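Colleague: I should like to take a close look at the helices of one chain and the way they pack together. Please describe that part with care, and then continue to the loops and strands around it.

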Amino acid sequence: MKSKHIKKYTAAALVALLLGSCSEILEEQPRSLYEPGFFRTERGVNGGITSMYAHLRYIFGQAYFYNTTLTGTDEATWAQSADANFKDMDLSGVGSITSTSSRADVLWGAAFSNINTASGIIENAAEVEGISDALIAEARFFRAFDYFMLVQTFGGVPLDLGSGELKFNNNPVRTSVRNTVPEVYTKAIFPDLLTAIDDLPAVGRLTGTATQTLARLYLAKAYLTYAWWLENPNNIPTYPETSRVDPDGKDAQWYFQQAYDVAVTAIDNPGPFGLQETFYDLHLGSNDRNKELLLYADHTETSEFYNGASLTFSNGGAPENFAVWMMTWNYTNIRSSTTSDWSNVISSVQREASQDLGRPWTRMAPPIGVFENTFADKTNDARYDGTFVTVYRGNWKKGGINDDFVYNANDMRVEHGEPILTFLDEEPSTPINYPNGAGKSNIGAGELPGRSDFVISPRGISRIAHPGLWKLGTYRTDNGDGLGQPNAASTRPFNIAKFSELYFIAAEAAVMGAAAQGGKSARDLINVIRARAGKWRWDNNGNRAKAEDNSAAMVAATPATIDIDYILAERSREYFGEGYRWYDLVRTQKWAEVASTYEIGGINYGDHAPVKVNRTIEPYHYLRPIPQGQIERLELSPEELSAYQNPGYQ
Amino acid sequence: MSIMWVWLVPLAIAQQQVSGIVSDSSDGSPLPGVNVLVKGTTSGAVTGLDGNYHVNVPGTDAVLVFSFIGYQTQEVVVGTRSAVNINLEPDLSTLSEVVVVGYGTQREEAVTGSVASISGELLRDIPSGNVTQALQGRVAGVELSQTSSRPGASMQIRIRGTRSLTATNDPLVVLDGIPFAGSIGDINPNDIKSLDILKDASATAIYGSRGANGVILVTTNRGQKGQQARISYNGFYGVREIFSKYPMMNGPEFMALRQAAGQYTNALDESDDVDTDWQDLLYKSGTITSHELGVSGGTEKGNYTFNAGYFNDQGVIPTQQYERFSMRAAIDQEVGKHIRLGFTTNNNYNITKGSQVGIYGILSMSPLANPYNADGTWKRTIKMPLDEPWSYSREVVENLKDEWLSETRAYGTYNSLYGELKIPGVEGLKYRANVGLDFRQSHGGDFTGEGVNNANPTTPSSASVSNSHTYHWAIENLLTYDRIFAQKHMINAVALFSTEQTRFNSSRMAARDIPSSAFQFYNLGYAAGEITVDPSQQNYWQSGLMSYMARVMYSFDDRYMLSATLRSDGSSVLAEGHKWHTYPAVSAGWNIGTEPFLQNSNVINMLKLRVGYGQTSNQAVNPYQTLGLLSTRPYNFGNDTYSTGYYVNQLPNPQLGWEFSETMNFGLDFSLLQDRLSGTVEYYITNTNDVLLNVGLPATSGASFVTSNIGETQNKGAELSINGLILDNVGGWTWEAGLNVYTNRNKLVALASGASRDESNWWFVGHPINAIYDHERIGLWQEGDPHLDILEPGGNVGMIKVKYTGEYNSDGVPVRQIGPDDRQIMNVDPDFQGGFNTRVAYKGFDLSIVGAFKSGGILISTLYSSSGYLNMLSGRRNNVKADYWTPENTDAKYPKPGGIASGDNPKYGGTLGYFDATYLKVRTMTLGYNFENTPFIKNIGIQQLRLYAAVQNPFVMFSPYHRESGMDPETNSYGDENAAVTSAYQRRLLTLGTNAPATRNYLIGVNLTF
């Protein structure tokens, strides 16, 4: 009986399998993954758009890419704990830029997949009901944005990813052909941005999403950059080789004029955007995502998951925003004593999740020229105070040490919260008494008679001790009474584009010959920025209110004739340490002129003698090498591979 | 015949004729093919199909010897009888001579494929909780590599090398006839009767695509028919001690390094006069315990067995442990004459704990730091020059066991049922249905209390829960036909139709800030902080396979054997139109030893030549690879608008098809000198085509990779195993020894693109798959070495010198700096490897030694390479003991501290992690005593009693790595684990990293049956 049943069941199962489910067993239905066809749904398009914003985090705030935008320029050199990532980019004989060492690979690795996703959305959205042109315009903006970043960094790059020019690629090809610089501009960047300006809203769909003003800024900047490329004043080579002739038959002047016109249109039609009252407010952590900011790679401390990075400990990799660690030196080595005989030494400035402190990596340092030249005016111009940390204040109580005061320089007492170390604005008239080596402060800082804080003067800064970068500093609201989570990556957005840059773009175009509108000459435009820079409401390093308006003095100090050098210097004052510098110097072909030498002290505590360092900046350095990872993945002949690489790096 | 008969009659005056039937004592069925020999003569007979025999014997004192494979030989005095009916007892001890070949068994002589068998008893020579540990070094061509040194870890199994680049290379495990969907650690080694490993394609072909990487057939113990109930107990207890500490610097050594590097000075918690051994503060003694109790027996028509086991392995790192409860039952029952039914169930519940405790934090801790405050209390954190790590020790971890934990509880049940019907009217024809039903679920939970494992004491607590379920079913319909014609023609034919399906789903959620630490991970809903359900950690897949198979095995007179198989597989994971593949296999054997010219040889007892050819295939890619894939990127728009983005990460491949291999196998089995020396020699070539590959795409294609059929690989190898009975009860002494040596040469033959190299994936035509593509270290730059400035811009004397392969100009000056083109392809695979075992017995005592060895190849130690961050040579964190360059010590191996760096490590620091992988290890030494022959034991009803003591991992020889580091040279991690940077090596390259330290174990055990 039993056996009959079993036979019956087995037979039934067998029949069922043979007849019913043959094909089912071999069919696939994913239930936890999306396949590319999802882009053909409305929600898929939305998700694709979100990933465009998220992709910014893989480039901006990524410290190694950040390093490529600054190290080697007049804004930054390598610091004491720098590894080859930083030394190589400095071009000062401590390393070299190669296809494996260049960290511009970060951009290359993140941009193309985003371009492809953008193309997928642009193609598919046409078939999906309910997708507005405004939404598609966001994809167009990002496709143009990535191509613009790529073309500035690497020269011409491929428009065909495998399925045709600017087409969504689902063809796994391992070949690639680079287009020329004018093709990338005229086929991809300009048309996408022009459409984006037409279709994007004046007010963003969500906090921080693309707007008409943002698209205008990038179109103006792209016109300006392309105009420089056509003009080529210093005969810098381009690659792939092509003549400096515009396919649309326009000349550099035409594009300078376009840059000016578009930028001025944006200034005249600001939508919800505009300048902050003070430079300090622009970068104040509690004032993030303010109206001056057009684009940023956002982060948050309200959600670890959507922040994309740990809120307690980060390792230093995308999508974390960890750029500011690089120019943060190890202030935690500063020592004070709780006893007058220095028998109980403590770390008086402890690692804290605050905008002036944060996590130190000591990888990049500002050379002395930044303090002596770029920020020569530290009293009228609020930008020095709003850029750097020059005063390090005692915070030992937050670290669990209960003493009310410590003994510090000259064995004088310093209360909790008062200055332990100050980077002086100027060389003092009385010479600083610096120790040999690390000294009492343990970081080689000196003493001045009557001062309870240790001091280092501008000419005394070194690769191991220099002012920190306040503007990008950590800002958290969950520290309570303690030090917070200084080892987490920054939860602040990393700013990418600002309204203020429209003034610089228009001014630069005017300097290069664009016809200016009345009241919007290069000098007028620059003075808008300088007037704002003269406004104070808070003395950041002095930690006190300071209601001062030095606008008049600032404007008065502006030269009568603005030239490109002045614009570059002003840009550095405005955007110091934010990742603009290499692109500015490359666009204007001024890199070698501006950055070929610098001065800074050595790598040991107590090194206060400036060392002059020379850089070797060759014309081929104006393009970064194609990353080795790309070369290795291509299936091309050795000759083709060699031709794919930029000259000088083969 | 009749003429001879007539002629013989006159001479055989004293002869008498005897006839009878030989049957199986257990079920009374007639036994065909039994040898009936008149003792002391060469005359005899073989029983026919009905078990009948006729034989002439010289007289009444004649003795008949009945022998048959798998049964105990019986001798019977004929006396005056003319009819002698005999029941032969199945011989348990010779069961190893029957080889399980998949969908049937074969006598060892008849096997034509490459099959290695090992009995459960031999496996238990190495007392362990995991069969993979017991198998290491035991079988030629079967490489077992340690992938983790944590309690409960399984080893990686590779049968005859690596074929596939991206698809799995794990062999198929078949448990009691049903493909096993669980973890091999779920199988209790005590339950195993035998392991049969199918190595070549002619043997594995019946398993089709599932068998591409070899098949391990696990047969578990069953009761015997008619056997009286027997109770058995096996148990052992052992202590685990550290084999060696990780070779970190002590205080003075580290102080000297920090000074030589000149980059860091002592931080607040450090002092030159302190020398703390952080490892001593962490490690404890571990223990291993195993108990297994079983009962088995049989009736006239059936048998049963039941086992329960408990295994507990506590590691040397506090809270790390693995615990397993297992239960197994098997029943076979005959119903009437034609029907047989059976059921096997294997169940286990296991708990793995302690993965929250890593050891990098301990190894990198400054030995100059005193862990105690002046008042004797433990410091929460240690201030080092750039780091302020949370500080922990054995006591800290154990005191926090409810505040800081990680555990996984898994339950698996693997069940097979069968029904067998002898088709009446057709002799030898049987229908059998196998049904396999498996289920495995695993539940993981982690909890880290507030401030635990973090420098900030107010860091919110965090918790996570994860679950995974695997469902697997298989139905097999088999028709078998098994008959002997004319006494000499044996035919076995099998036809199969099978279907199987596996479904997997897993989920994970995490939360921050659990208000009460008593909740641990048991109620995430109360979290005050964020609750995260990360879409990339939720998983579902289902895959199915349908197969048709037919196999015929034919043997003539046990002399000539032939086996032919045809199988067709359809798989769900491949692209439409590419789902099916059909492949043949054929093999032949020639038992030269049974030929007349060798039959009476005193030297050669058995000599068999085997040749096989077969195709197998591999479809073991993850499901949904043909469709392409979007990856997710979460993002926030401001502080309160959250959204998840998608982007294309993997491109679809509508052409994805089967990867298949063709194998030629040549084997020679021999047994010499009265079977005192036996062995096997084999040679094989496997060519694998259309290799399935995750191909990394250039960034300009817009996606990261595509799964594709690309390339051809080849494995060639030779295997030798020898077993000798050196002393056979000479004055009570018996000495046996076995050795196996094998080598596998693997290479990539072609890439489908026609390219000869794929640098991004480290694939090079003509080179092994397991290759490293890196610079070759040739020493250190010394003072005065020419061209340092050209070859290494920014370099320094004392830095690592690597090979330059570029050109020189006419003055002999290098034309460029050293760069990526100078990298070399280095082979990781060993030249040869194997194992050995020996057993000496005297009276009741026996001593056995089992070992393994390996020669050549590269051992990757991430402790010494850049990816481990333990050899930074900067003095920032503690460093492995390294003989580094200083102006006074220029003849060093390691570079100048504080010299040119790449990242945080010395430039080319990756090259410091490559070592010669050679070693010889004694794995286990066991001394036992058997009490069987002790009258007292017999009298109280004990059938078997054995006590033993064993030491595992006692010593290592011939290992350059061991010489330098003092460590066990076996790998303990996958390439992407247990290092500070886990992206340096492909996962398939096993490494030695910061996992739980290797141990040396001391065990005592008992085996008891009554």
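Modeller: The description below begins with two helix pairs, continues through loops with unusual backbone geometry, and ends with strands and buried residues. It should be kept in mind throughout that this is a predicted model.

Let us begin with helix 7 of chain A, which covers residues 133-154, and helix 9 of chain A, which covers residues 212-231. Their axes lie 11 Å apart, and the angle between the two helices is about 30°. Angles under 35 degrees count as roughly parallel, and helix 7 of chain A and helix 9 of chain A are therefore roughly parallel to each other. The crossing in which helix 7 of chain A passes helix 9 of chain A is left-handed. On the side of helix 7 of chain A, the contact is formed by A:Phe141, A:Phe145, A:Phe148 and A:Gln152. Helix 9 of chain A contributes A:Leu214, A:Ala215, A:Tyr218, A:Lys221, A:Ala222 and A:Thr225. Sorted by character, the residues of this contact between helix 7 and helix 9 of chain A are seven nonpolar, two polar and one charged.

The second pair consists of helix 10 (residues 252-268) and helix 14 (residues 501-511), both of chain A. Here the packing angle is about 150°, and the axes are 8 Å apart. An angle over 145 degrees counts as roughly antiparallel, and this makes helix 10 of chain A roughly antiparallel to helix 14 of chain A. The crossing of helix 10 of chain A with helix 14 of chain A is left-handed. From helix 10 of chain A, the residues that take part are A:Phe256, A:Ala259, A:Tyr260, A:Ala263, A:Val264, A:Ala266 and A:Ile267. They meet A:Leu502, A:Tyr503, A:Ile505, A:Ala506, A:Ala509 and A:Ala510 of helix 14 of chain A. In this contact of helix 10 with helix 14 of chain A there are 13 nonpolar residues, no polar ones and no charged ones.

We may now turn to the loops. Most residues other than glycine have a negative phi, and most peptide bonds are trans. The loop between helix 9 and helix 10 of chain A contains A:Pro240, and the peptide bond that leads from A:Tyr239 to A:Pro240 is cis, with omega near -10°. A cis bond also joins A:Ala318 to A:Pro319, with omega near 5°. A:Pro319 is placed in the loop between helix 12 (304-307) and strand 3 (335-337) of chain A.

Two residues deserve attention for their phi angles. A:Leu91 is not a glycine, yet its phi is positive, at about 55°. A:Leu91 belongs to the loop between helix 5 (84-90) and helix 6 (105-125) of chain A, and it is buried, with a relative accessible area of 7%. A:Asp411 is likewise a residue other than glycine with a positive phi, near 55°. This residue, A:Asp411, sits in the loop between strand 8 (405-407) and strand 9 (413-415) of chain A, and at 39% relative accessibility it counts as partly exposed.

The strands come next. In a regular strand the side chains alternate between the two faces of the sheet. Strand 16 of chain A (residues 597-600) shows such an alternation: A:Tyr598 and A:Ile600 point to one face and are buried, whereas A:Thr597 and A:Glu599 point to the other and are not. Strand 16 of chain A runs antiparallel to strand 17 (residues 611-614) of chain A, and four bridges join them. A:Glu599 has A:Lys612 of strand 17 as its bridge partner.

Chain B holds an open sheet of three strands in the order 50-47-53, with mixed pairing. Its edge strands are strand 50 (914-916) and strand 53 (991-992), each of which pairs on one side only. Strand 47 (residues 858-861) of chain B pairs with strand 53 in the parallel sense over two bridges, and B:Ser861 stands opposite B:Leu992 in strand 53.

Finally, there is a residue of chain B that touches chain A. B:Thr700 is located in the loop between strand 35 (692-696) and strand 36 (705-709) of chain B, and it is buried, with a relative accessible area of 2%. Among the residues that B:Thr700 touches are A:Trp108, A:Phe112, A:Pro158 and A:Tyr644.

Terms used
Residues are numbered from 1 along each chain as its sequence is written. Chains are lettered from A and ligands numbered from 1 in the order in which they are written. This is a predicted model: local features need pLDDT of at least 70, side-chain atom pairs count only at pLDDT 80 or more; totals for chains, interfaces and linings use all residues. Side-chain values use heavy atoms; hydrogens and water are left out. Axes are lines fitted to C-alpha atoms, for helices over the stretch in contact, and angles run from 0 to 180 degrees between N-to-C directions. Angles under 35 degrees count as roughly parallel, over 145 as roughly antiparallel, 65 to 115 as roughly perpendicular and the rest as oblique. A crossing is left-handed if the near helix is turned anticlockwise from the far one by less than a right angle, and right-handed if clockwise. Contact means heavy atoms within 4.5 Å. Ala, Val, Leu, Ile, Met, Phe, Trp, Tyr, Cys and Pro count as nonpolar, Asp, Glu, Lys and Arg as charged, and the others, Gly among them, as polar. Buried means under 20% relative accessible area, exposed over 50%, partly exposed in between (1.4 Å probe, protein chains only). Two strands pair if DSSP finds at least two bridges between them. Lists of a residue's contacts leave out its neighbours within four places in sequence.
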